[in-house]
Amino acid sequence: MGSKAEEEEDGLLSPTSLPSPSKPQHHLQQQLQEQQQEEDDEEEETAFDSTEKILISIDGYTDGTVFDGGDPSFIPPFSWKKLWLFTGPGFLMSIAFLDPGNLEGDLQSGAIAGYSLLWLLLWATVMGLLIQLLSARLGVATGRHLAELCREEYPPWARYALWLMAELALIGADIQEVIGSAIAIKILSNGVLPIWAGVVITALDCFIFLFLENYGVRKLEAAFAVLIVTMALSFAWMFGDTKPSGKELLIGVLVPKLSSRTIHQAVGVVGCVIMPHNVFLHSALVQSRKIDTDKKGRIQEALNYYSIESGVALFISFMINLFVTTVFAKGFYGTKEANSIGLVNAGQYLQDKYGGGVFPILYIWGIGLLAAGQSSTITGTYAGQFIMGGFLNLRLKKWLRSLITRSFAIVPTMIVALVFNSSEGMLDVLNEWLNVLQSIQIPFALIPLLCLVSKEQVMGVFKIGRTLQTVAWIVALLVLVINGYLLLEFFSSEFLLAFGSVTDDAHFHSNGAVRMSITCLQSCTVAHELEFSDLNTKFVTPPLYVDTHFLLAFGSVTDDAHFHSNGEVRISITCLHMSLSFLT
């Protein structure tokens, strides 16, 4: 027999059987400690209150046997029912891969590059999945989302700088998403409702969000599932109507192919994979499930289920993006409309190409675009709550926090809608600048994520290993370099645009030098009383030969034409050489 103290330690004697004059005092201290802990928890901003979380309560077999048997590192066997309970956060995360900005990138990629960049779309989605799984890992292992951890781990100046960058990224993304919804509303209303009216209607999604959130996380996730299904059905319908080539589709997915002519679209496909606000969002969404964080096995189990769920969600998003890309590849690749197509005029181009039918393709496109815009704006509101609350540790009522978050984006969006509503071209210019804003903000979300998920003091045993760190940093650097290239190309073209505005009133992008040369050549032909088309008979030497019909068309096209720099130089030299020949 052991001593009485040993029996108490082993739990063999009940506390009531032991005389303890200090028991009332000890009990009071314990109550005070628990009360203090509750007060501390209330003071801290959390992604979800304990009453909002979904309880993962499948802890044993049907006969009542407990899975782990007391082993905290034991991982329970796979369960379809439990996978269903974990399903939701990954699908909300995947909506950022389907927002109107991504859809515009898809249709331009298809129209200009055809099927040739589908392989890049696939691998870009895989890279996005890796980043999002790291975000989920951070949220599950620490019980904190990225914004909260940045507040705790970094000094105040860094914390506020990161918050400002995250808010700017969110505002930029939200403007694109709201404008996309407004374009869809204009399409579906036959042009009765202008862009600014669509913006006002889309702003009301904040209240829809609040309404759904009051009914619990699962109801909100179900609403997003309906929107994703709507997108999938709409774009699949378009895919069936246009009948893209199955052979070319498979070759495009399986055979890597890249040319100088499609480099701009390739960079765009990879550059739009990482949305800064989505990195913050996913680390918070995974905390909507209540798991036993004291047991290593339960944390690993949650990570396993979230990995499966996120993989399925992004596979569906890849298929939707593939539908959009192939539809426009089939309809517009190699056509004169390819370089001028965008989100604003895509629906009308589809209608002109494929006609009405039982259900006009214009409205099918509008429905899919509306679902994409509405779902992404609501997730933007959701992300804004976590970003603002996490960085600033604000304890506000949900309706007030949503209203503030929505106002941050809606006010500038309304201004943009009123200012840029005059022409489609201005909306395209706006979209370019917003893409630049997103590119600038990416490092401020990606680098903190990779630093924190690699830190043992933050992650404990769930810190990522050296191999995964290397892969993650390679992917991150690739994304940063590609976005850097986008920035360089954009500002270079803006410089040329400014230069062109000095020489003449025409818009002047990277093809400005060519257009100036063509103008010189046209002037020479007029001075010598020749037709521009006569040049093919006058200059037939291969190094100098230029299709003058092409040149004539090129000289009058808009800024949307894209030419490789070597081609620009060759055309410019040829035109100038021909012009000088007239003078001599």
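**Entry 1. Terms and model**

I take helices as DSSP runs of H or I with at least four residues, and strands as DSSP runs of E with at least two, both numbered from the N terminus. This is a predicted model, in which I accept local features at pLDDT of at least 70 and side-chain atom pairs only at pLDDT 80 or more, while totals for chains, interfaces and linings use all residues. I number residues from 1 along each chain as its sequence is written, and side-chain values use heavy atoms, with hydrogens and water left out.

I looked up the confidence next, pLDDT being the predictor's confidence in each residue, from 0 to 100. The protein averages a pLDDT of 76, and 70% of the residues score at least 70. Over residues 501–514 the pLDDT is below 50, and this stretch has 28 contacts in the model beyond near neighbours in sequence; a contact means heavy atoms within 4.5 Å. Residues 531–570 also stay under a pLDDT of 50, and the model has 64 contacts for them beyond four places in sequence.

**Entry 2. Overall composition**

I find 26 helices and two strands in the protein. Of its 584 residues, 48% are buried; buried means under 20% relative accessible area, exposed over 50%, and partly exposed in between, with a 1.4 Å probe and protein chains only. Among contacts with a separation of 6 or more, 80% join residues 24 or more positions apart.

**Entry 3. The largest cavity**

I searched the whole structure for cavities and found five of 30 Å³ or more. A cavity is a set of points, on a 1 Å grid over the protein atoms alone, where a 1.4 Å probe fits but cannot get out; lining residues have an atom within 4 Å of a point. Grid points are joined across faces, edges and corners, and the volume is the space filled by probe spheres set on the points.

The largest cavity holds about 120 Å³ of space. Its lining has 14 residues, of which Glu104, Ile179, Leu343, Leu427 and Asn431 lie nearest the centre. Helix 5 (100–113), helix 8 (156–188) and helix 19 (424–441) are the elements that give two or more residues to this lining. Which helix gives the most to the lining of the largest cavity? Helix 19 does, with five residues.

I then looked at leucine 437, which lies in helix 19. Leucine 437 is partly exposed, with a relative accessible area of 23%. Leaving aside neighbours within four places in sequence, leucine 437 is in contact with Leu168 and Gly172. Its C-alpha is separated by 8.9 Å from that of alanine 173, although the two residues are 264 apart along the chain.

**Entry 4. Helix 8 and helix 17**

Helix 8 has 33 residues and reaches 47 Å from its first C-alpha to its last, close to the 48 Å expected at 1.5 Å a residue. The expected span is 1.5 Å times one less than the number of residues. I count helix 8 as mostly covered, with 25 of its 33 residues buried. Just after helix 8, asparagine 190 takes a positive phi of about 60 degrees. Asparagine 190 is found in the loop between helix 8 and helix 9 (195–203), and at 59% relative accessibility counts as exposed.

Helix 17 (residues 361–392) has 32 residues and reaches 46 Å, close to the expected 46 Å. Of the 32 residues in helix 17, 28 are buried. Asparagine 393 follows helix 17 and has a positive phi, near 55 degrees.

I noted a further positive phi, about 55 degrees, at lysine 243, which is not a glycine. Lysine 243 is found in the loop between helix 11 (217–242) and helix 12 (246–254), and is exposed, with a relative accessible area of 59%.

**Entry 5. The nonpolar core**

A nonpolar core is a set of buried Ala, Val, Leu, Ile, Met, Phe, Trp, Tyr and Cys residues joined through side-chain atoms within 4.5 Å. The largest has 122 residues, and those with the most contacts inside it are Phe235, Phe328, Trp365 and Phe391. Helix 15 (residues 296–332) supplies the largest share of this core, 15 residues. I listed the contacts of phenylalanine 328 beyond four places in sequence: Leu107, Gly110, Ala111, Tyr333, Ile341, Ala346, Leu350 and Trp365.

**Entry 6. Leucine 121**

Is leucine 121 of helix 6 (residues 118–142) buried or exposed? At 10% relative accessibility, leucine 121 counts as buried. Not counting residues up to four places away in sequence, leucine 121 touches Asp106, Val269, Phe318, Asn321, Leu322 and Thr325.

Key
1 Å grid on protein atoms, 1.4 Å probe; cavity = no way out; pocket = protein on both sides within 12 Å on 5 of 7 lines; lining within 4 Å.
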